[in-house]
Amino acid sequence: LASLGYSTGSLGIMLFDAGLLALVTAPPVYWLVLNPVHREYEKRLKAESEAEEMTHMAITDPLTRIMNRRGITVGLLDAMAQAERYRTPLTVAMADIDHFKEINDTFGHQAGDRVLKDIAALLSDALRMPDKVGRYGGEEFLIVLPHTGLVPGRKIVERIRASVSKTSFDLGAKKARLTISIGVTQFKPGEDLEQLMSHADKALYDAKKGGRNLVVARKSR
């Protein structure tokens, strides 16, 4: 090649130019093959995107835009499995809006929906990155705190309770202060979901019975 006056670099450029020319001047049959492949690739991308969106919708509460009962339950089961496997602490909390029925009865369901959305946003903003929150049902919210023991977990939800009590909520006809009650418990290795949720429910019941606007922690036995 050198004797002919061509360097290795110039030969590479010539070959690239030749390949580009061949592509541009390729017969129509080439594009008949290429275009269907490209369309199939785009269809697959669209199908994957739609599947992801459907999965997201299946675990998302349409009103509050946080996880629904199914989604947060799956998140809790995953956190329980991780805590069991790696022997790390896990705290869960059940929060309930105090006197929520009175809000609906007095100001209407639209006001109640606004309260649910506002409190869901407040809970989401107050939690850390690995934490999870979901609307468990009605006016109840389940909070999952991985890698967190009962004492620090109680401090986290106590801050949430205090923050809610200091917030002025729009009820449409007026603004009002509302409160939440929270029951907290720590996962014990070997417990199943029903046992863990039973402890959280009993702690929430104690908070309601104690006068509401309280955080009550209950240890697993």
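**Helix packing and sheet arrangement in the predicted model**

R161 is buried, with a relative accessible area of 13%, a value that falls under the 20% limit for burial. The model discussed here is a predicted one, and R161 is placed by it in helix α6. When residues up to four places away in sequence are left aside, R161 is in contact with I180, I182, N213, L214 and V215. Of these contact partners, N213 belongs to the loop between α7 (193-209) and β7, and the backbone of N213 adopts a phi near 55 degrees, which is a positive value in a residue other than glycine. N213 is partly exposed, its relative accessible area being 26%, whereas R161, on helix α6, is buried.

The protein as a whole contains 7 helices and 7 strands, which succeed one another along the sequence in the pattern α-α-α-β-α-α-β-β-α-β-β-β-α-β. Of its 221 residues, 36% count as buried. Among the contacts between residues at least 6 apart in sequence, 64% join residues that are at least 24 apart.

An open sheet of 5 strands is found in the order β2-β3-β1-β6-β7, and its pairing is mixed. The edges of this sheet are formed by β2 (132-137) and β7 (215-218), each of which pairs on one side only. On average, and with direction ignored, neighbouring strands of the sheet are turned by 20 degrees against each other. At the β7 edge, strand β6 (residues 180-186) and β7 pair in the parallel sense over 4 bridges, and the residue of β7 that serves as bridge partner of T185 is R218. The contacts of R161 include V215, a residue within the range of β7, as well as I180 and I182, which fall within the range of β6.

Helix α5 lies across β1 (90-97), β2, β3 (140-146) and β6, and runs at about 10 degrees to β3. This helix, comprising residues 109-126, also packs against helix α6 (residues 150-165), at an angle of about 140 degrees and with the two axes 10 Å apart. Because angles over 145 degrees are needed for a roughly antiparallel assignment, α5 and α6 are classed as oblique to each other. The crossing in which α5 passes α6 is right-handed. On the α5 side, the contact is made by I119, L122, L123 and A126, which meet I160, S163 and V164 of α6. Classified by residue type, this contact consists of 6 nonpolar residues and 1 polar residue, with no charged residues.

Two further positions may be described individually. D118, which lies in helix α5, is partly exposed, with a relative accessible area of 36%. The C-alpha atom of D118 is separated by 8.9 Å from that of D170, although the two residues are 52 residues apart along the chain. H147 is located in the loop between β3 and α6, and has a positive phi of about 55 degrees although it is not a glycine. With a relative accessibility of 59%, H147 counts as exposed, since the threshold for that class is over 50%.

Notes:
Residues numbered from 1 in each chain as written. Predicted model: local features only at pLDDT ≥ 70, side-chain atom pairs only at ≥ 80, totals over all residues. Heavy atoms only, no water. Axes fitted to C-alpha atoms, helices over the stretch in contact; angles between N-to-C directions. Helix = DSSP H or I, 4+ residues; strand = E, 2+ residues; numbered from the N terminus. Parallel < 35°, antiparallel > 145°, perpendicular 65-115°, else oblique. Left-handed = near helix turned anticlockwise from the far one by under 90°. Contact = heavy atoms within 4.5 Å. Nonpolar A, V, L, I, M, F, W, Y, C, P; charged D, E, K, R; others polar. Pairing = 2+ DSSP bridges. Buried < 20%, exposed > 50% of the residue type's maximum accessible area, 1.4 Å probe, protein only.
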